[in-house]
Amino acid sequence: MHFLLTSEQREFGRTLDGMLGACGTPSAVRAWASGDPKPGREVWARLAAAGVFGLAVPQEHDGTGLLPVELTVAFGELGCHAVPGPLAETVAAAAFLGRLDDCPAAAAWLPKIASGEAVVSLCMDGPYALDADAADAVLTVRDDTVHRTAHHGPVQPCLDPARRLARPLDGALLARGPAVTAAAAHALDVARLVTAAQCLGLGRALLDGTVSYVGQRTQFGVPIGSFQAVKHRLADILIALEFAEPLVHAAALALAADAPSAARESAAAKAAAGEAAYAAARTALQLHGALGYTDELDLSLWIRKARALRDAWGTPAECRARVLVDPPGGTGPAYALGERG
């Protein structure tokens, strides 16, 4: 089976690409890194108006219901433009709350997430919450409990300055029990899927920028892009990204069908896309030479983000371990949600 996006899904991606291209995201990224979230929140509001966050919110809470394929389209563009903020964390929080129908927090926060009024960071894969200082709420999942955290510790340095990490300190209990555990597992799958899509977009942006640069930079009187060694490096990145893309599509389809293979598919997609984006960042850094190390170069914003996204919501080793725990058994989705050819 060959999966293709529908014409509506492709147009959705082009619309987001055009909108984000006009937003000047590099300046928003730098402002976010300095502790000023206002430009980033303006971009966030425009994304919400385009319906991005509603793609993870149930219809009864002003969303469209979970649409994983459309989410991957959107997050591919978010990665391509290096949009700052707890994007995957907010979508994961929406997926988490959407599975807790009897929790008052779901009715309180899901409509706000869909409208872009609320930035919500979900913390469940480590001691630190992403962008707790800029979020309107931080949900912390530990075992079978979830708390809304009211306070956080000091912001910690990160490989990507625009990813501001802080330790949640205390909070009010929102829910407890097996439903929380099940909702957290679902949210993890969603977070890995959209982070994988971000990595794909990020990797493609790095590859495009590097291809353009090596076509302009000359050595011995010819563009360095004409050197066989450079061509091979760039071809390896393209192959890695092309290999990861169908895994992302497969994971989206598995989640859309609520298939038993969703966890395995999401982990496989995250591992492949994360490694591909990181390889793209390393190649971009090396082929740009000393210029690649400068903060003034906008490409540095993408380069720094690649390593952080590679390890977010599960390192490649953790994701591969998840795949090995749940080997393929023919339970994946049988049909695509888009066009087939």
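This structure holds 14 salt bridges, a salt bridge being a side-chain nitrogen of Lys or Arg within 4 Å of a carboxyl oxygen of Asp or Glu. You're looking at a predicted model, where local features need pLDDT of at least 70, side-chain atom pairs count only at pLDDT 80 or more, and totals for chains, interfaces and linings use all residues. Residues are numbered from 1 along each chain as its sequence is written, and side-chain values use heavy atoms, with hydrogens and water left out.

**Exercise 1.** Find the salt-bridge partner of R41 and say where each residue sits.

Step 1: Look for the partner. R41 pairs with D136, and their closest N and O atoms are 3.1 Å apart.

Step 2: Place the two residues. R41 is in helix α3, while D136 is in the loop between β3 (129-130) and β4 (137-142). Helices (H or I, at least four residues) and strands (E, at least two) are DSSP runs, numbered from the N terminus.

Step 3: Check the chain. The two residues are 95 residues apart, so this pair links distant parts of the chain.

Step 4: Check exposure. R41 has 23% relative accessibility and D136 has 32%, so both count as partly exposed. Here's the scale: buried means under 20% relative accessible area, exposed over 50%, and partly exposed in between (1.4 Å probe, protein chains only).

**Exercise 2.** Work out which parts of the chain R99 and D258 tie together.

Step 1: Confirm the contact. R99 and D258 form a salt bridge, with their closest N and O atoms 3.7 Å apart.

Step 2: Place them. R99 lies in the loop between α5 (87-98) and α6 (104-115), and D258 lies in the loop between α8 (228-256) and α9 (262-287), so the pair ties together parts that are 159 residues apart in sequence.

Step 3: Sort them by exposure. R99 is partly exposed at 40%, but D258 is exposed at 53%.

**Exercise 3.** Are R264 and E265 buried or exposed?

Step 1: Start with the contact. Their side chains meet in a salt bridge, at 3.7 Å from N to O.

Step 2: Read the accessibility. R264 comes out at 7%, so it's buried. E265 is buried too, at 14%.

Step 3: Now look at a network. E275, R307, R310, D311 and R320 are joined into one network by salt bridges that share partners.

**Exercise 4.** Describe the setting of E42.

Step 1: Find the element. E42 lies in helix α3, residues 38-49.

Step 2: Check exposure. With a relative accessible area of 46%, E42 is partly exposed.

Step 3: Compare positions. E42 and A28 are 14 residues apart along the chain, and their C-alpha atoms are separated by 8.9 Å.
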